[in-house]
Amino acid sequence: MEPTHPAAKEAIRITDVIAHPLSQTLPKPTVTSWGTYSQVSIVLVELRTDAGIIGVGETLARFSSKAYAELIETSLKPRLVGQDARNIGALWQSMRRSLSGRAGGMLIEAIAGIDIALWDILGKAAGLPVAKLLGGMGRERIDVYAAAVNWVDDAEANRELERYINEGFPRIKVKIAKPVKGACRRIERLRKRAGDDIGLCVDANWAYNLDEAIEVGRALAANGYFWFEEPLAPENEQGYEELRKRCDVPIAAGESNFTADQAQRLVASRTLSVLQPDVARAGGISETRRMADYAGLHDVAYAPHIGMSGIICETASVHLAAALPNFRVMECECDLSPFKRELADLHPGCLRQKNGTLDVPNGPGLGIEINWGAVKRLHVQ
């Protein structure tokens, strides 16, 4: 473990905030109920300090990454420069007040990238991995599932399923969409193909109305799937509550939530069995921890969402998973995109996993070093 940084006992002043809008072409398109994704973006946030410590974070900005970068540099940077980077809570509140209205959208996603970078700085100053700063559970490895079998034709779906099984994943996510009958056939067919020893779950990406979700839920229960992810639009909280009464499969959701209060109703009622915030959307490590802790108080599991994000999002999620008592399993996105493969010195989780478990980085902060040459290559012009 790295020694404590000499500046750890003194104020660590932020001297600059640089937002790097990045774009990539996926090696293989991701196909969901929303459509086909061939190109996606993120913003890599770089925080510089007078102690020479640089923190990095990631903002979920699937599209229009330059707009996110402008928001960070014009609205949030003035609230950060000159401030002590260790005062994460105060800085979070200050950034939240930069725009009025209910919390959510681009602002909270932008804050997420900065918050992750602040935790990276704090860990580097203390000489500790973020998981330890969070009061970790002592986990050196965490459970993961492969994501995902796409909503593609049967032959391609078979190949994707078999790839994940051959790579040693004991748990696999399947994307489903409309038509409902086609989704139900895929649910049954992939269960038969995978066998009973492979854990399967599905992600609908809001594809259904309530009646359709009930029908799909019956097929999932009959075929032993371990959860039904985002069957309905996130705003349809009453629909989720009704589905929970009429569906025997655990319901998972939460990747669309920005702040803890947006998870409150469905967690408090135990409508959800699994809460899935995305650290690059949900206000960073600070707010994601609040969500997970609140879920834990209601006996709801925490399962980090990753999706088409990059290595910083994935690594921050690993640290949260290692630290939080109610962690269940983490998404391991297997797209091998440049955001996961090229941006840092850490191999993507899908390459590091062994039999469905993934090691927790033990270096200070996030435990990764950024490849700034790759940042330059992927930068949006």
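In the predicted model, Asp 120 is a buried residue whose relative accessible area is 0%. Its side chain nevertheless takes part in a salt bridge with that of Lys 124, with an N to O distance of 3.1 Å. The two residues belong to helix α3, which comprises residues 105-126. Their spacing of 4 residues corresponds to about one turn of the helix.

A search of the whole structure returns 28 salt bridges. One of the pairs is formed by Glu 212 and Lys 178, whose closest N and O atoms are 3.5 Å apart. Because Glu 212 is placed in helix α7 and Lys 178 in the loop between β5 (171-175) and α6, this pair ties together parts that are 34 residues apart in sequence. The accessibilities of the two partners fall into separate classes: Glu 212 counts as buried at 18% relative accessibility, whereas Lys 178, at 45%, is partly exposed. The cut-off for burial is under 20% relative accessible area, so the value of 18% places Glu 212 in the buried class.

A further salt bridge connects the side chains of Glu 156 and Lys 28, with an N to O distance of 2.5 Å. This pair links distant parts of the chain, since Glu 156 is located in helix α5 (residues 154-166) and Lys 28 in strand β1, 128 residues apart. Glu 156 is classed as buried, with 17% relative accessibility, while Lys 28 is partly exposed at 37%. In addition to these pairs, a network of salt bridges links Lys 173, Lys 175, Asp 203, Glu 229 and Glu 331.

Strand β1, which carries Lys 28, is also part of an open sheet of 3 strands, arranged in the order β1-β2-β3 with antiparallel pairing. The edges of this sheet are formed by β1 (14-32) and β3 (54-60), each of which pairs on one side only. From one strand to the next, the twist averages 25 degrees. The antiparallel strands β1 and β2 (residues 35-49) are joined by 14 bridges, and Pro 21 has Val 43 in β2 as its bridge partner. Helix α1 (residues 65-80) packs on the sheet and touches β1, β2 and β3. The direction of α1 makes an angle of about 155 degrees with that of β1.

Strand β4 (residues 141-149) is mostly covered, with 7 of its 9 residues buried. Its pairing involves strands of both orientations. With β12 (residues 357-359), β4 pairs in the antiparallel sense over 3 bridges, and Arg 141 is partnered there by Asp 359. With β11 (residues 330-333), the arrangement is parallel and 4 bridges are found. The pairing of β4 with β5 is likewise parallel and comprises 2 bridges. Ala 146 has a bridge partner in each of these parallel strands, namely Cys 332 in β11 and Ile 172 in β5.

Trp 227 is situated in the loop between α7 (210-222) and β7 (228-229). The residue is buried, its relative accessible area being 0%. Apart from neighbours within four places in sequence, Trp 227 is in contact with Tyr 145, Leu 200, Cys 201, Val 202, Val 249, Pro 250, Ala 252, Val 274, Gln 276, Ala 303, Arg 328 and Val 329. The side chain of Trp 227 also makes a polar contact of 3.4 Å with the side chain of Glu 229, a residue of the salt-bridge network described above. The C-alpha atom of Trp 227 is separated by 40 Å from that of Gly 373, which is 146 residues away along the chain.

Arg 191 is found in helix α6 (residues 180-194). Although buried, Arg 191 has no salt bridge. The nearest side chain of opposite charge is that of Asp 196, at 4.8 Å; a salt bridge requires a separation within 4 Å. A polar atom of the Arg 191 side chain instead lies 2.6 Å from the backbone oxygen of Gly 195. Beyond neighbours within four places in sequence, the contacts of Arg 191 are with Asp 196, Ile 198, Gly 199, Leu 200, Asn 223, Gly 224 and Tyr 225. Leu 200 thus appears among the contacts of Arg 191 and also among those of Trp 227.

Definitions and conventions
Residues are numbered from 1 along each chain as its sequence is written. This is a predicted model: local features need pLDDT of at least 70, side-chain atom pairs count only at pLDDT 80 or more; totals for chains, interfaces and linings use all residues. Side-chain values use heavy atoms; hydrogens and water are left out. Buried means under 20% relative accessible area, exposed over 50%, partly exposed in between (1.4 Å probe, protein chains only). Lys and Arg count as positive and Asp and Glu as negative; His and the chain ends are not counted. A polar contact is a pair of N or O atoms within 3.5 Å; within protein, one must be able to donate a hydrogen and the other to accept it, and residues adjacent in sequence count only if both atoms are side-chain atoms. Contact means heavy atoms within 4.5 Å. Two strands pair if DSSP finds at least two bridges between them. Axes are lines fitted to C-alpha atoms, for helices over the stretch in contact, and angles run from 0 to 180 degrees between N-to-C directions.
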